[in-house]
Each structure stands twice: as structure tokens, then as C-alpha cells.
Amino acid sequence: MKYLNKPILEINKLLKEKVIKPLDLVEEAFANIEKNKALNAYITLNKEEAIKTAKELENKEVDNILFGLPIAIKDNIITKDLRTTCASHMLENFLPIYDATVVKKIKAKNMIIIGKTNMDEFAMGSSSRTSYFGAPKNPWNTNKISGGSSGGSAVTVAARDVFLALGSDTGGSIRQPASYCGIVGMKPTYGRVSRYGLVAFASSFDQIGPLTKNVYENALLLNAIVGKDDNDLTSADKESEDFTRLIGKDIKGMKFALPNYFMSDIVSQEIKEKIISVSKILEKLGAKVDYVDVKYLENAVTLYQIIAMGEASSNLARYDGIRFGYSLPNPTSIDNLYYETRKTGFGKEVKRRIMVGSYLLSGENAKIYYNKALSIRDDMQKEFTNLFQKYDLVIGPTTTTTAYDLTDPMDDPLKSFLDDVLVIPVNMAGLPGMNVPIGFSKDNMPIGMHIIGNKFEEAKMYQLASCIEKELNLALTPGGEINE
Amino acid sequence: MNKYIPTIGIEVHVELKTATKIFSNSINGYGQMANSLTNVVDLGYPGTLPTLNKEVINLAIKAATVLNCKIRKEMHFDRKNYFYPDIPKNYQITQNETPIGYDGYVEITINGEKKKIEIEEMHIEEDTCKSTHRSSKTLLDFNRAGVPLIEIVTKPCISSGEEAKLYLEKLRELLYYCDISDCKIEEGSMRADANVSIRKNEQDPLGTKCEIKNIGSISNVAISIDKEIKNQIELIENNKQIKQQTKRYDDKLGKNILMRTKETGNDYRYFPEPDIPYVILTEDMIASVVKTIPMLPDERRKVYQAKGVSELNANKLVQNRSLSDYFNKLLDTNINFKIASNILLGDIQAYLNKNEKQISDTTLTVTRFEELVKNVEDKTLTSKNLKDILVTVLEEESSISTIIKKSGIENIQDDQALRTIINSIISSNQETVNDYKNGHDRAIKFFMGQIMKETKGSANPKLAMDILLEELKK
Amino acid sequence: MEDKLTKEEVLHVAQLARINIDEDELETYQIELKKLLNEVEKISAVKGYDDEKLIASWDRKTELREDIAGEMLDPKEVINNAPRHSGNYIEVPVVIGDES
């Protein structure tokens, strides 16, 4: 590996000085991906187009820090003329006819799209094992899961195939795989990044965010993708800001809350110990860490299930075999077309969630479940607002365990939700949340810390994350050959 | 038949006259090549999201206002979930919980009495795509998908087909006058469904209802409702049960045709649309829309009649919006409105119809029309004169007086000059004077003919007649 | 709590979702769906919240779009992705019932 493990700042300098060309980076990326093929991080590679773009960029001025850098895109983000499958048989051959807003922004900054990354089908799952294309593997141990649903994006960044990747996070799908793979992952404030072109799973939670090998580069990618979008009514009207601006500033005098629930029995001892040791470092640096009680945290998964499955059942109704996607050949009637297309096109996890979601909204149920969940969500948000009046940030572990075995049973429908129990409250409250690596378990699997910020305070989160990163100075490149 | 009280509720869908669709910026158009007016949002492509057209909100505020509805200031949209090939996302974005308008009414006059048809609510939603059915397949054209609609729902307060018809006519007139919709039933821009039930007493609960869908014309609404009432009465009289059914009216057969019998209620799984945040209407926004509402049809009828226009003419004027708008521009002048309405609805409308023109296509400015009316009123122009010069008046720009002069039909208005001519005719026709005195009416005809001959038709006939009779009496 | 749904209950939600379920899958769904439903049932125990209900984009207010036309698709693009079409129309098996 010559370039892809280097800091972006250094690469940018080399590009500017014409020591290297974007094509060098692209070629190294594809060579790495080929070498790491067994990780199964990609569903579709964009090789021909990426090389073409890289060559075109040779004649262009290096006008921004992300210029010419290879980037991987989660396969639920729409890319024009580049197959977008959502890891589903339903969209196995789907060729989009428009670009997502974030993809337009990526292209405008002259980043080079390397391919579309593997994920849980329609982002439903926590291990990327619901992918129609088989599960990606954890570069730290190929017998372990990558986490999910943005598993492929986390894997390819951890394996240093690319500098940057985009994922999406509905209930932890960026932060949890980032934690399992030992990288930095940010789920921005709901509304920070346009959802236009992100295939909807649960509209009121879905948010696109960056996955990178370090904190600074994460902030750089976030800089490039935020902004109000007229195509997305839920996107927020915020002035653009530099998310790197607080990086390196000391954290003396800052106050952090550590909810007791995040340190309860649901979390493994090993992880709790790591969190405690990091919080001691923070106190040593002059910050204050308080253990606090936060209402509704233990209800978050239930509320999340209701809203997410309810919305998903409606969002996924459009896959009916009529306008695009998989369609039953030779249907005998319209119902035959619907029932068989959706039976064959969707995998089991997706079907379960659609059916439960339909039930939750049917008849009087919408009032009992969905509307009630919305009311409590609102209260939960207020709870966090109050908390942030007293504290700068909330911290805790990102996951309850480290990445588990790929062969662990998949028959418990609750498992995929419980894997995300610590990260889901953030989506419920529309807050930004991020993972930063803080060490390794005894079996050498990455452990991550979860940092939660108040709305639109991502910059402050990067400040703390970069401080931890610097203090711990971990070796975060998976060692040795990653071939099976 | 009087033993039963029919109860009818009507739901009307109206397509709004906007440039673009409700949730996307593709064109809201009719009669174009199939699937040529769509984009990825209309087709429900993965990843697409709705935006909300401002003009839709404006037109809905207008509609709510003229339907005397209360307007909700804070509202959201809901998803109505059901699978059907004509709804691209398999859910329709509508307003279930917070309709923009509620508690309104439309006033009709039935058998000389006024009745308020109460509006339960009025909400905004998106139209479906157009399906064409062939023997083994259905063809989908998404040009209509996402066209903005308002649905107006009455309370079950209508009691006959005639009332329903009057209500729909009134509704159409209001929406059309406010430029909210074209209201063309034949093009589907206005569609009516009726719910019909009967019961014996006011105190009884409402009977089982039958829904008649998509009735093709307003007059058929009355016919199909009355047929359904008759049908339900017959069923009850024969001790048969009324089933909850959906029917459609077949114009050719003159019958309501059963479409389906409802077994269970639809489960639409409504929930608030998470892709569209709250819509907040400010007083300013509402006020600026209300300002654009023109004088409404009923008000026009009242004003016209107050100005001396006959009821018949007032109605005729209101039926023709461009003529009525034109007439409104004259309201500040002090011309004879009765004459003005006669001219407008007579020779001018005949000309417009014949030439397929609008009044605005002619050269008849308000000032020139005012002059024309005055000339008719003071008898400078006879109705024959008017016919003679009409084309010139409507197609050229010179003043009316110039046209009158040029065409040489300046009527002799001068009393004295005409009297001299008449006296000379009398004195040279003494025999006819005697005939007159002996009661022969023919004599008058003869004299009038002579007068017109002598004046080359330029005498004001009424004036000539008055002077003639006066002179003959001497 | 019951540990599984009845077959009828599963078939009912499968019908709402338009998903065909084979006879041999029924049993699994009866158990799995019930597990999920038992979990969401926990919401009934949540008390003391404020009844106000807010839709997704909490503090956001809808910004209205000007009524100006934008780009549209060529009918060819519309039918290209469609599994079945005739001419410029997208085709489905004949739908009997409502005409609209």
C-alpha cells in the first residue's frame, strides 16, 4: 500500500505538486479491493467510469482538499447510470436515472466514485448479513461480522481500500459498523444532509453520513455533503460551517454526561472498562464526566421499532414490479404480480418488518402504536434538550459487545434491533452521533466510544473525538494479510 | 314515496389549475403524449421526495374561502396506504387528520327557497395516474399522477337529486369563477361521487349507503341519485335488505351498474407523512390570497339586477364569465345597464359565438361600449342601425360617432326638421288623412313608409310616430 | 403472552403487505412476527409522556415551492425501467373494478 493509508492532507499536497495523479489512487484502490475481495465489501464496482474520471481530472486544477480521492458509496444512495441495488433482489438490476443530492456534491468536489458498498437489504439489519449478495466480512477478523447496515462502507474504509465512504444511519447503521471495524463514523443531525436520493427505509430517521479512518477526514467529508436542499423538505436551512474548526482545541472545562443506562448490564464488562478508562483521561484533561439518568432511553428500541417498521411498510410499498425493479414474469393478475413479486423480491428480514409495520398502522393500531410513539419521541427529544443545557456532549459505548461471529444464528428477529440499543436513541431524538475507536478487546476486535451532540453541534463532537484520537494514538490499520 | 327521507352526501374531486404538479415540478397538463409529463418524483422512484407547490396552497385557501370554510393555520399531510396500479408509491399523499378547510357551506336556491349545503371538510391531495383498460391488460399513463386535487366533502344533508345538481352547479360556478379549476367534467377535472341512503324518520339512524362513483355529468348526478333512491325504496317495500355497494351510472343504459359489494371497510393505514413538515399559514398569506378573489357569481347577479338588468339577463351574463367580467368594468359608469345587457347578450354575443371570439378579442373598449350604449339609449341608433355597424364597431378602432357619421345613418333627431317633413307629407295626402280619421290603421303604415322614404330611413321611428300622431290629431 | 400469532393473523398482515406466504413458511412467521409484536407491545407500559404528537421534521416548517415547471423525463426513460410496456404506456395485467 503506497498512498491509501496516508492522511488526506499529505495526498492533497502530492496531487497539487503533481507528484501523483488521481489515477494512481484509483488504481491502488482497485488493486486493494481485488486483494481484499474476500471481504465482500462491494456490490458493484465502478471501475471503467472511475478510471475515466481520474484521467479527466489530470487536466483539472486541484481545487479542494477532497479532489481526486476515491470514495465508496453505500448501495442505497442513488447513482445515475450506476446500478443501485439496496442489496436486494428487488433492485438487483436497477439502473437509476438520476443522482442523489449527495452524489452530485461528491461529483462537484471531483471525488471519484469507486463503487457501491454492500449492506443489509434496504438497510434493515445490524450485521449486513441480510444482503442478497452475501455478508461483508470484518477486516480485523474475517470470521466476524462487519456490523450494519453500512457494513461494506465500514469494511472498505477499515481495509484502506478508499479514503472515504458514505453510509446511512436509521438506527445506528453508520456508528455501529464503524465501531465494529475500528473507524470513525458520523450520523449528522437529522436534516443536516439531504435525503434526496437516499432510498427511504424510515423517513423520519434516515440520515446520510461519512465513514473515514480518522476524525479530521470525517469532518472534511461532512463539510462537502451538508446543506439545504430544495428537493428535501426535511433538510435544514443552516449556514455552511467548517466542521474541522474545533479540532485540536483542548477540552478543558467541558462537561460530558454518561447515562447510567449506557453503563448498565446490557454492555459487556470489557467495553465498560474501556469507557471508564477514557472518561478518566478526559477528566485528567480538565473535563468533567457525570453519570446521569436519562428518561426513555430504555424505551428507545420499542419506539424505534414502531416508527421505523411503520414507515418502512409504506416506503417499501412502491416495489410492486410495475415501474422498475424485479417483476414476476408472466403474471396472471394484478394481485399475482404484487404478491409474487414482493415474495420473491424481498428477503426475510425485510418481509418481516413490512408485515409488522403494516399491522402497526392498520385500523386503530396507528393510534395505539405509531401516534403514541411519536408523542413519546417528542418527549425524549425534550429530555435531551434539557440534558444539553447542562452538558456539552453525551458519551457512552457505541455497542454492547464487539463484532460477533458471522455464523451466529440469525433466527431471532429482535437481535438486529438489540445490537443497536445504544445508538438508536440518537435517531429517535434527531441528534448527531458518532463513533470514535478507543481500543481493542482481548480478542483484538475494535471497541468504540459513542459521542452524542446537541442538534447541529457536530463541530463540538469532532473536537472531543479528535482529542480522544490524539490521546489514545491507536494503531488502527487491520494487520497482516486480509485474505482468507 | 314520501314515507322515506333520502340522505345524500357528495364528494367532489377538483383538479387545480396550476402550472406544475403538487409534489413535483413537472407540468400539470392534459391531452399530451402518454408519460411525457412526468419526472422521477411522479413515478415514485426510489429515493425521491416530495416538494410542495405554493400555488396549490393558494388555490386551496381561495377555495376554502369561497366555500365559507374555516381555514386551518397549521396542518400536515398524511399517507393513505393501499395497493393499486394507478398510485405510483402505493400510497397517496392526502390530508386526513388536518384538512385545510372545514365547516363551510354553499347556498343553493331550491323551489324559490334558500338552502345551505354544508361542507364537512375540504382537503388537498394528489391525483392518480390514468388507466386505460384493454381486454388482457391495463395501460398506465402517469401524466396525471401528482396533479393537485382538492376534495370537497358535504355533510349528509342533501335530500334529492335536484338539490345535488344545484349544489354541483353552484360549486362549479364558484371554483370556475375563482380560477381554481377548469371544472371540466368530461376531461375529468371535476369528478363527483354520491353516497345515497334512505330512512323513514329524521330520528332514525342513517340507512345503509350506496356509493355512486364518477358520474359523467351534473344532470346525470340528479338522475342516478333519484334512481338509486327509488331502488332503495323498492327494496325496503319488498322487505329486501340494502347492501353497502359501489355503483356507477351508465349513461347509455340510463342505469346504475353495480361495481362491487363492500365486505369489509378499507384499511388505509393512515399516518402523518414524514417527508413533509408542518405547513403553517400566516394571516398575511391568507389575506393576500383572499384579495385576489373576484366578485362571486351570486354577488354579480345581485349587483346587475340592482342596476336594472333583468333577472334573465343577469343569469345569462353570469353564465358567460368573460362577458360578465367585461360587464363588471362598466359598473362604475352611468349608462343604461338594461340596454347594455341587451346589446351585450344580443348582437354582440351572436357575433362572438359566430366568430368564436372572446369579447377581449374585439376592439370594443369599455369607453367605446359606453358610447355605443348612449347612442342606443338616446335613439341615435336604431336596433337596425346597430346591426348594420356592429362589425365595424367590433373590428375597427374609430369612435362610435365617427362610425355613425361615416355610415351615413345619422338619425334625424331634430324635432323641427322632422315635423316639417311630416306636415308636408300630411298636406299632400289628404285622402289618407281621411282614411285615418275613419279608423283605417293602414293609413299610419302608409305615412310611416312615406316618412322613412323621405328621410332615407334616418328618422328616429319612435320620434316620427309621436310627431305624426300629434299632427294628425290637429 | 401468546408465543405465536394465528395463521389467520399472519395471512391478514401478509395481505396488507401484498406478500405471498407459502404454507411451509407460515409457522416461522407466526413465531417471528409475534416476537416483534411482543416487543412493540411494551409501549403500553410507557406512561407520563406529553400527548402532543410531532411528525418527523420536528422544528421544521415546510417551505413552499414556486409554481414553475422543471425538467421532465423522456417517455422512453419512463418505460425503459418498466418490466412491461406497450408504446409509451407502462403495462400491468388487466385491472377489473374502478375506472379512473
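Two strands count as paired if DSSP finds at least two bridges between them. Keep that in mind as we walk through this predicted model, beginning with a sheet in chain B.

Take strand 4 (residues 78–81) of chain B and look for its link to strand 5 of chain B: four bridges join them, and the two run antiparallel. Want one bridge to find on screen? Pick Lys80(B), whose bridge partner in strand 5 of chain B is Gln92(B). Now widen the view. Strands 4 and 5 belong to an open sheet of three strands in chain B, ordered 5-4-15, with antiparallel pairing. Which strands stand at the edges? They are strand 5 (91–94) and strand 15 (271–272) of chain B, and each has a single partner strand, so one side of each is left without a neighbour in the sheet. Another chain comes in here too: helix 9 (residues 300–315) of chain A packs on this sheet and touches strand 4, strand 5 and strand 15 of chain B. The direction of helix 9 makes about 60° with that of strand 4 of chain B.

Next, a sheet that draws on two chains. Its four strands come in the order 8(B)-9(B)-2(C)-1(C), the sheet is open, and the pairing is antiparallel. Strand 8 (130–133) of chain B and strand 1 (85–86) of chain C stand at the edges; each has a single partner strand, so one side of each lacks a neighbour in the sheet. Let's step across it. Strand 8 of chain B pairs with strand 9 of chain B over four bridges, in the antiparallel sense, and there you can spot Lys130(B) standing opposite Asp141(B) in strand 9. Then comes the step from one chain to the other: strand 9 (residues 137–141) of chain B pairs with strand 2 of chain C, again antiparallel and over four bridges. Here Leu140(B) has Ile90(C) as its bridge partner.

What else goes on between chains C and B? The contact takes in 39 residues of chain C and 62 residues of chain B. Together the two chains bury about 4,300 Å², with 57% of that on carbon and sulfur atoms. There are two salt bridges between them. One of these links Glu91(C) to Lys137(B), with the closest N and O atoms 3.7 Å apart. Polar contacts join 23 residue pairs, both residues at pLDDT 80 or more. On the chain C side, the elements giving two or more residues are helix 3 (75–80) and strand 2 (89–93). Strand 2 gives the largest share, five residues. Sort that side by residue type and you get 18 nonpolar, eight polar and 13 charged residues.

Finally, turn to where chain C meets chain A. This contact uses 51 residues from chain C and 74 residues from chain A, and the pair buries about 5,300 Å², 63% of it on carbon and sulfur atoms. How many salt bridges are there between chain C and chain A? The count is four, and among them is one between Lys348(A) and Glu32(C), whose closest N and O atoms are 3.2 Å apart. You'll also find 14 residue pairs in polar contact, with both residues at pLDDT 80 or more. Helix 1 (7–16), helix 2 (23–40) and strand 2 of chain C each supply at least two residues to the side facing chain A. Helix 2 of chain C provides the largest share, ten residues. By type, this side of chain C divides into 25 nonpolar, eight polar and 18 charged residues.

Terms used. Residues numbered from 1 in each chain as written. Chains lettered and ligands numbered in written order. Predicted model: local features only at pLDDT ≥ 70, side-chain atom pairs only at ≥ 80, totals over all residues. Heavy atoms only, no water. Contact = heavy atoms within 4.5 Å. Buried area = accessible area lost by both parts, 1.4 Å probe. Salt bridge = Lys/Arg side-chain N within 4 Å of Asp/Glu carboxyl O. Polar contact = N/O pair within 3.5 Å; in protein donor to acceptor, adjacent residues only side chain to side chain. Nonpolar A, V, L, I, M, F, W, Y, C, P; charged D, E, K, R; others polar. Axes fitted to C-alpha atoms, helices over the stretch in contact; angles between N-to-C directions.
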